[in-house]
Amino acid sequence: MVKKKQKILALVIILLALGVSFVYAFFFQEKPIARESLPEVKGFEKFAPSKITFADQKKVVLFFNATWCVTCNEVMLELPTIQIPENILFLSVDFDTESELRKKYGVALQHTFVEVNSSGEMLQKWAGGSLKEAVEKLK
């Protein structure tokens, strides 16, 4: 009888945990932000292969990010509040679609920054951090 009660109690606990997880995921999880609605910011552009050549005149940093990435979205929301220096250009790279670029630079995680030269060679790479911290690192 005691074993049966323990099994029922364990089942109830598991069901409660699943229920709480579902409620959290459905109601409280952050939704992807509509990036089209963000204002254009000088020094932060969508990636295009031809833009890597700008590294002749300024520091070019690829920012690998995804719309479903909470910390990436925090960087995107930071855009209107930061002034990117003239000598730095961030290029936003879609983590989900640019698999060849990810492979080239060994990017395994979204929210990764890769500084490149005008030939597209990696100069440095780091993961995480705010846009403000990235700017400070590049100064």
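# A chat about a predicted fold

Author: Let's start with the layout: this predicted model has 4 helices and 5 strands.

Reader: Nice. In what order do the elements run from the N terminus on?

Author: The order is α-β-β-α-β-α-β-β-α.

Reader: And what is the mean pLDDT of the protein?

Author: The mean pLDDT is 86, with 78% of the residues reaching 70 or more.

Reader: Which element has the lowest mean pLDDT, and which the highest?

Author: Helix H1, residues 2-28, has the lowest mean at 63. Strand S4, residues 112-116, has the highest at 98. As a general caution, predicted coordinates should not be read in detail where pLDDT is low.

Reader: Fair enough. What share of the residues is buried?

Author: Buried residues make up 35% of the 139 residues in the protein. On the contact side, counting contacts with a separation of 6 or more, 69% are between residues 24 or more positions apart.

Reader: Let's talk aromatics. How many aromatic pairs are there?

Author: The count comes to 6 aromatic pairs. One of them is Trp-68 with Phe-95, an edge-to-face pair with 6.5 Å centre to centre and 80 degrees between the planes.

Reader: Where do Trp-68 and Phe-95 lie in the chain?

Author: They link distant parts of the chain, 27 residues apart. Trp-68 is in the loop between strand S2 (59-65) and helix H2 (70-78), while Phe-95 is in the loop between strand S3 (88-94) and helix H3 (99-105).

Reader: Is Phe-95 buried or exposed? And how about Trp-68?

Author: Phe-95 is buried, with a relative accessible area of 9%. Trp-68 is partly exposed, at 46%.

Reader: Which other pair could I look at, say one with Phe-90?

Author: Try Phe-90 with Phe-113, which is also an edge-to-face pair: the centres are 6.1 Å apart and the planes make 70 degrees. Phe-90 lies in strand S3 and Phe-113 in strand S4, so this pair ties together parts that are 23 residues apart in sequence. Phe-90 counts as buried because its relative accessibility is 0%, and Phe-113 is buried with a relative accessible area of 0%.

Reader: Which residues form an aromatic cluster with Phe-90 and Phe-113?

Author: Phe-44, Phe-63 and Trp-126 join Phe-90 and Phe-113 in one aromatic cluster.

Reader: Good one to colour in. What sits over the ring of Trp-126?

Author: The charged end of Lys-137 does, 5.0 Å from the ring centre. Back at Phe-95, the charged end of Arg-102 sits over the ring, 4.4 Å from its centre.

Reader: Changing topic: where is Asn-117?

Author: Asn-117 lies in the loop between S4 and strand S5 (122-127). Its relative accessible area is 18%, so Asn-117 is buried, the cut-off being under 20%.

Reader: Which backbone nitrogens does the side chain of Asn-117 meet?

Author: A polar atom of the Asn-117 side chain lies 2.9 Å from the backbone nitrogen of Ser-119. The backbone nitrogen of Glu-121 also lies 2.9 Å from a polar atom of that side chain.

Reader: And which residues does Asn-117 touch, not counting those up to four places away in sequence?

Author: Those are Ile-52, Ala-55 and Leu-123.

Reader: What about Asp-94, where is that one?

Author: Asp-94 lies in strand S3 and is partly exposed, with a relative accessible area of 35%. A polar atom of its side chain lies 2.8 Å from the backbone nitrogen of Asp-96. For the backbone nitrogen of Thr-97, the distance to a polar atom of the Asp-94 side chain is 3.3 Å.

Reader: What separates the C-alpha atoms of Asp-94 and Ala-66?

Author: 5.9 Å in space, with their positions 28 residues apart along the chain.

Reader: And Asn-65, is it buried or exposed?

Author: Asn-65, found in strand S2, counts as buried at 3% relative accessibility. A polar atom of the Asn-65 side chain lies 2.8 Å from the backbone oxygen of Phe-63, one of the cluster residues from before.

Reader: Last one: how many disulfides are there?

Author: A search of the whole structure finds 0. As for the cysteines, Cys-69 counts as buried at 3% relative accessibility, and Cys-72 counts as buried at 0%.

Methods. Residues numbered from 1 in each chain as written. Heavy atoms only, no water. Disulfide = S-S within 2.5 Å. Buried < 20%, exposed > 50% of the residue type's maximum accessible area, 1.4 Å probe, protein only. pLDDT = per-residue confidence, 0-100. Helix = DSSP H or I, 4+ residues; strand = E, 2+ residues; numbered from the N terminus. Phe/Tyr/Trp six-rings, centres within 6.5 Å; stacked < 30°, edge-to-face > 60°. Lys NZ or Arg CZ within 6 Å of the ring centre and 35° of its normal. Polar contact = N/O pair within 3.5 Å; in protein donor to acceptor, adjacent residues only side chain to side chain. Contact = heavy atoms within 4.5 Å.
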